[in-house]
Structure formats: C-alpha cells, structure tokens
Amino acid sequence: GLRSSSTITSTSTSDTVTQSVIATDSATATTTDTVTITVTKPESLEERVRRQMKANFKSLPSPPWPQLDHSTAQAIANGILVGFNTTDINSNTDIDINTDTDIPTMFNNTIVTAYYAFESKHSVKEYTNWMKGLLQTSDPMIVFLQPNTPWVDIIKQHRKHAPTIIATLEFEKLVMSTTFTKEFWDWQHQIDTERLVHKSSGVYKIWNEKLIFLYNAILLNPFQTTGYAWMDIGYFRQIRDAPEPQTPLIKVNYTHPNNSMNPTTNDKSHKNSIPVPQNKVLLLHVRNDPLDSIARVNIAGNAFYGTSQAFLNLYTKYYHTFWDWIHNHHKFIGSDQFVITETCRRHKEVCYPYFAGRFRSWFALSAVVMGEKPITEVSPHYLFKDDENDNGKNGNVNVKIPPNTSQLDVDVQVPQGQRITYCTTTGGSDSDKEIDVVVPVEECKQ
C-alpha cells in the first residue's frame, strides 16, 4: 500500500488565520490533495467599540447649542482605550461576531468624568488623592483630560481593570472656551460673589461643560449602555466611602422598563417603593436656599444619574435656562449648581431631586446608587415653579417669591450655531446710549 503524510502550514494577518493542509504520496512524492481553511479572528471588544463609535459618529445630528461642531464627540471616538483585555466579548454566545450587529449588552451604565488642572478652590494634590476612589470602580468610564499631560498616564495606570476611554481634548477647545469669548468670561468672573474662592473662570467652563461631555458620550454610546452618570473625579474624598476595588459603583437599576429603583443585589433591606421615572435625572437636593438668595443652590453638581433620554431632556432645558439668564437678565451662570437649580425649578419634568434626610450632605447620592440607602420619593422640600403659589407647601417654609420671578420663566430660543460675547453697544430709542449686552458676536457693535 501507499504511505502518505501531510504537511500543515499557517499564515496569519490581523484579521484572519489561514491553514493549508497538503497531503502527499510518500512513494511518488506527488501531492494528492490540498485543503485551505481560513478562520476569521474573533473581533475583540476594543475593536468592536472603535467600529461602533466610528459608525455612530458618521450619523451624528447637527450639534445643539452651545456646541458649534463635533469636536467633543471626535475626542471620544479618537480616545485612548484601556482596560479592555479584562472583558471577553465572545463570552456572549448569542452574538455573531462576524456580523455588523451592535455591541452586546454587557454593561448597564457609563460613568463620565473629567479632570483639568488649573488654579481653583482645591489643589492638584487633593484631586490626585480623591480620584483614586472613583477610578477603582469597575463601571465603564469615559474620562476627559488635557492631552500630553501626566494625567493621561495616571488614568491608564488606575483603569487597567475596567473598560475606559481617555478622551483628550485641549481646554482651549472645550465648548465653553470656544463658543464664549474671553470678554464674556471676564465679565462672569467680575460678577461672581465667590470670585476670590473660585480664583479664575476656568472652573466655570468645566462646570458648564458636564452636560456637553454627557451628551456626546450618549450619542456615541461606546459601551451600549442605557444608563449614564456624571461623577466629579474627586467625588470620593474618603476612600472608605468608595466601592470596593474592581466592583461597580452603580448597583441599582434606574433604567428598568418598569422604572424600578430596586437594588440589583438580593439585599431585601433596601426597598425603594417610589421609582425614578426614565425621563428624569436623579439629583441631590443639597441646600434649601430661598428664591431671593443671591447665590441660590438647591442641587449639588457633583453627581447626576439617569437614562440617556433623561440626560438629553435635561441638556435642552439646562442650556435654555443658561441662555435666558445671561442674555435677558445678566445673571451669573459660572456655577452649574446655580443653573441646574433654576432649571429644575422651571422644569420638574426632567428632574428628580433626592433629599438625604438633612441638608448639606454633599456626597449622599452615591450611597443611593450603591444600594446602601433607599429612595422613597422626590424631595418634599424642593421648590418647583408649580408650587410657588402655595407658600410653605410641602414643608418649605423658606419660600419667598421675588416680585420679578415670573420674568425669569421665558423659554427663549437659543442662538443656534453662534458664538457669544459681552460688550458695550448702543441701542434703544436713544442711539447714543451705551448699554452692556450679552449677544452673538456678530451683533456687538463696536
């Protein structure tokens, strides 16, 4: 009989592995058969995320004001991906990795945060220590940073364990830096009653950029989540208050179709009977400043939680309020806490303020989403516009309605696609009269 042998040769590319099996007749040294098998390499989670972001970027709608372009989304799409080797996309057997289907539902929530180092009320050293608590969580995360700074390597080091996108974007290219002129921010710093504490207008820009960061994270949706959160990177001042390393921060479900807020754990001690609707953002009612307060803060700006739709709703209402305040009333908007407090007062349909039992518990909201504290109802003390005609309603005995409050409720049209400045111009019936205005740059008569 004839004796035969086979030889196997392999070649590979980044996408495929090809094996050629050649059977030969050992007596005549002739080839009897050749079979070539090509196996496509499984697509990694990192590759899938990049592909999905690229596809989503191409279909982005025109950016809503105050955004003028897609630079924020571009920063995410071109971001540095770390921590993806810890997750195997192919563990989901229901997904055909060779198709163009979306990323499987592997995660529930995306946390968005940022850090830009400049002179402010807290030092760089403080933030370096504080950020460790948030970075040790296992939730997927998008972190905005100044490019070519040591912070990029710091985030890489602290996020090796969980999927993370480092979106590098120059501070000068932030929406708040490009849509609004230096003259505008100098004016805002001048009218800030806490300007000696805030030290510069840089903090105003970051504070008012939060919902822009969130908006673009939601539209690109790299982790295919329905839940989102903004967390200040220095939120956990004490490491003991943070979740255990490599465990999720968000352990409650605020995206369930039935609007459940029940913890996903089996701990029955936290029964949250009143849900957070999917069209509202969960916020902390942290102070109870009356309406006539010069620097009124009711809502904390360090953490927000909600569905993608809830945040998109809030985005629109927030920047409408923002524009109304600066254009019609020349008010200070540097603190996002001032703006979101007023936004929720006007638009209770987008806000779910949580009361922790006492005021000034600035970091109480994390315990709710970690499943450690129940949530039962909207804060009974929060003053929505609908309640203003009933002085003292819901136990809010500090209600004082300023005589000109109604004029702050104008839902004006934002100046879509336009840059904004502060200047002195002429106007009114007396053309020689000079007035200070906040208007699109083109309308400012020099």
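## Where the model is unsure

Start with residues 260-274: pLDDT stays under 50 along this stretch, although the model still gives it 36 contacts beyond four places in sequence. Residues 87-101 are a similar story, with pLDDT under 50 throughout and 30 contacts beyond four places in sequence. Where pLDDT is low, the predicted coordinates should not be read in detail.

This is a predicted model, so how does the rest fare? The mean pLDDT of the protein is 83, and 74% of the residues reach 70 or more.

## The overall picture

The protein has 446 residues, and 50% of them are buried. Its chain forms 11 helices and 13 strands. Look at contacts with a separation of 6 or more and you'll find that 69% of them link residues 24 or more positions apart. On the outside, the protein exposes about 21,100 Å², with carbon and sulfur atoms supplying 48% of that area.

## The nonpolar core

In soluble globular proteins, nonpolar side chains tend to be buried together. Here, the largest nonpolar core holds 113 residues, and the members touching the most others are L282, Y305 and F322. Helix α8, residues 202-220, gives the most to this core: 12 residues.

Which residues does F322 touch, leaving aside those up to four places away in sequence? They are W65, M176, F180, N208, I333 and V339.

## A closer look at helix α3

Helix α3 runs over residues 124-135, and its length works out nicely: at 1.5 Å a residue, its 12 residues should span 16 Å, and the end C-alpha atoms are indeed 16 Å apart.

Several of its residues are tucked away, with Y127, W130, M131, G133, L134 and L135 buried. What covers them includes strands β5 (109-115), β6 (141-145) and β8 (227-231), along with helix α4 (150-158).

## Two disulfides

A disulfide is a covalent bond between the sulfur atoms of two cysteines. The count for this protein comes to two, and with the bonded cysteines numbered in sequence order, the pairing is 1-2, 3-4.

One bond joins C344 to C351, with an S to S distance of 2.1 Å. The torsion about this S-S bond is about -75°, so the disulfide is left-handed. C344 has 0% relative accessibility and therefore counts as buried; C351, at 0% too, is also buried.

The other pair is C423 and C444, whose sulfur atoms sit 1.3 Å apart. C423 lies in strand β12 (residues 420-426) and C444 in the segment after β13 (434-440), so this pair ties together parts that are 21 residues apart in sequence. Both C423 and C444 are buried.

How values were computed:
Residues numbered from 1 in each chain as written. Predicted model: local features only at pLDDT ≥ 70, side-chain atom pairs only at ≥ 80, totals over all residues. Heavy atoms only, no water. Helix = DSSP H or I, 4+ residues; strand = E, 2+ residues; numbered from the N terminus. Expected span 1.5 Å × (residues − 1). Buried < 20%, exposed > 50% of the residue type's maximum accessible area, 1.4 Å probe, protein only. Contact = heavy atoms within 4.5 Å. Core = buried A, V, L, I, M, F, W, Y, C linked by side-chain atoms within 4.5 Å. pLDDT = per-residue confidence, 0-100. Areas by Shrake-Rupley, 256 points an atom, 1.4 Å probe, with all protein chains shown as cover. Disulfide = S-S within 2.5 Å.
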